[in-house]
Amino acid sequence: MNVRAEKVPAPELRLELLRTMLRIREFENRVAESYLRGITAGSMFHLSVGEEAAAAGTGAAMESGDCFTTHHRGHGIFLARGADPSRMFAEVFGRREGYCAGKGGSMHIADLALGHMGANAIVGANIPISLGGGFAMRYLKTGKASVAFFGDGALNQGVLYESLNMAALWKLPVLFAVVNNQYGMGTRIDRASACLRFVDRAETFGVRAAQVDGMDAEAVWRAARELLAHSREGRGPTFLLADCYRFYGHGRKDPSPYRTKEEEESWRKRDPLDRQRKRLLEAGLLTEEGFAALSAEVGREMDQAVAWAAQGSMPEPADLYRHVYAD
Ligand SMILES: Cc1ncc(C[n+]2csc(CCOP(=O)(O)OP(=O)(O)O)c2C)c(N)n1
């Protein structure tokens, strides 16, 4: 599909996209640091550094009341949807003050108040949950949408196509949002997929679909906004393929020996934060001093969040029996 040519977003939104991406990067870098300092619960952290534009752009196109699920690399998406970084760090550190009382950790964060129906570590398993979210949105006549965020690794999972089919059949307001960082663990997408025409695959189900530069937050926002509007109007589900790159390995410990330095370098040159910063400088919406102040403010926010979370309380043995059933 051709995404309708839109005006550039309003100046406040352009700045907000930059701020959201900075917050995601600073958050993720502190998760990595905290892991190295030994204050995290668990040792497997999937960082979304490099993927910030996909999260910020789609997150900004969503509305309050929309629901969503994410894959295991979902910190950035939740931050873009209003998560409190202090409670996220607390969850990552296994503290009771975390979003899931420290029982979910990095890969299983959820918060229904913000529409987050859960991160999911089983590749593709969050997709049918978002399908159900879309059904609920329509059944309850909310006028809102449901978004499933997942990686390219899920593009060959059968459950995606079962969900696309059902969503299209029932014209459910679901956006299937693919954060295509080119690799599923150590396997590049063209070594896992017989055909790379994923947009065509979605369109086969009659689903409106678009592919976008996932290193460009404004382009992602434009495409996601258009697709979500289509779904909200009751015209059926939509599919967005955002091409991006993860700057770290699969987990923090993975040095990615399966990628060449040249490839990594060429994607790093397209850093989504730098791109938005330069764009705003050129448009006269930001100064170098303004950017330095924003970076410092975000850094302070994240430092305070880490400090707060690190002082949180550890679950007690009796907590084992809480949260098993709904209160
Ligand atoms: C059904 C299933 N198969 C295999 C795995 C092991 N696994 C964990 S992450 C991952 C790669 C996922 O790649 P992608 O969906 O592209 O997300 P990314 O990690 O690149 O963000 C795999 C294969 C799993 N968690 N679930």
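**Note on the ligand site and the internal spaces**

1. Of the residues that line the largest cavity, eight are nonpolar and one is polar, while none is charged. The model discussed here is a predicted one, and the volumes and distances below should be read with that in mind.

2. The residues behind that count are Ala54, Thr58, Phe149, Ala177, Val178, Val179, Val220, Leu240 and Ala242, which together line the largest cavity. The volume of this cavity comes to about 50 Å³, and it belongs to a set of three cavities of 30 Å³ or more that the structure holds.

3. As to where this lining comes from, at least two residues each are supplied by helix 2 (52-61), strand 4 (174-180) and strand 8 (238-243). Among the contributors to the lining of the largest cavity, strand 4 gives the most, namely three residues.

4. The open space deserves separate treatment, since the ligand sits in the largest pocket. About 260 Å³ of space lies in this pocket, and its lining is made up of 20 residues, of which His72, Val123, Gly184, Met185 and His250 are the closest to the pocket centre. Two elements, strand 3 (146-151) and strand 5 (183-184), give two or more residues to this lining.

5. In residue classes, the lining of the largest pocket has eight nonpolar, nine polar and three charged residues, whereas the lining of the largest cavity has no charged residue.

6. Turning to the ligand itself, which residues are the closest to it? They are His72, Arg73, Ala121, Gly153 and Tyr183, within a shell of 16 residues that surround the ligand. That shell divides into six nonpolar, eight polar and two charged residues. His72 is therefore worth inspecting from both sides, being listed among the residues closest to the ligand and among those closest to the centre of the largest pocket.

7. Three of the contacts with the ligand involve backbone atoms of the protein, and they can be checked one by one. A nitrogen atom of the ligand lies 2.9 Å from a backbone N or O atom of Ala121. On the oxygen side, a polar backbone atom of Gly153 is 2.7 Å from an oxygen atom of the ligand, and a polar backbone atom of Tyr183 is 2.8 Å from a ligand oxygen atom. Taken alone, the ligand would expose 580 Å², and the protein buries 71% of that area.

Methods:
Residues numbered from 1 in each chain as written. Predicted model: local features only at pLDDT ≥ 70, side-chain atom pairs only at ≥ 80, totals over all residues. Heavy atoms only, no water. Near = heavy atom within 4 Å. Polar contact = N/O pair within 3.5 Å; in protein donor to acceptor, adjacent residues only side chain to side chain. Areas by Shrake-Rupley, 256 points an atom, 1.4 Å probe, with all protein chains shown as cover. 1 Å grid on protein atoms, 1.4 Å probe; cavity = no way out; pocket = protein on both sides within 12 Å on 5 of 7 lines; lining within 4 Å. Sits in = over half its atoms within 2 Å of the grid points. Nonpolar A, V, L, I, M, F, W, Y, C, P; charged D, E, K, R; others polar. Points joined across faces, edges and corners; volume = space filled by probe spheres on them. Helix = DSSP H or I, 4+ residues; strand = E, 2+ residues; numbered from the N terminus.
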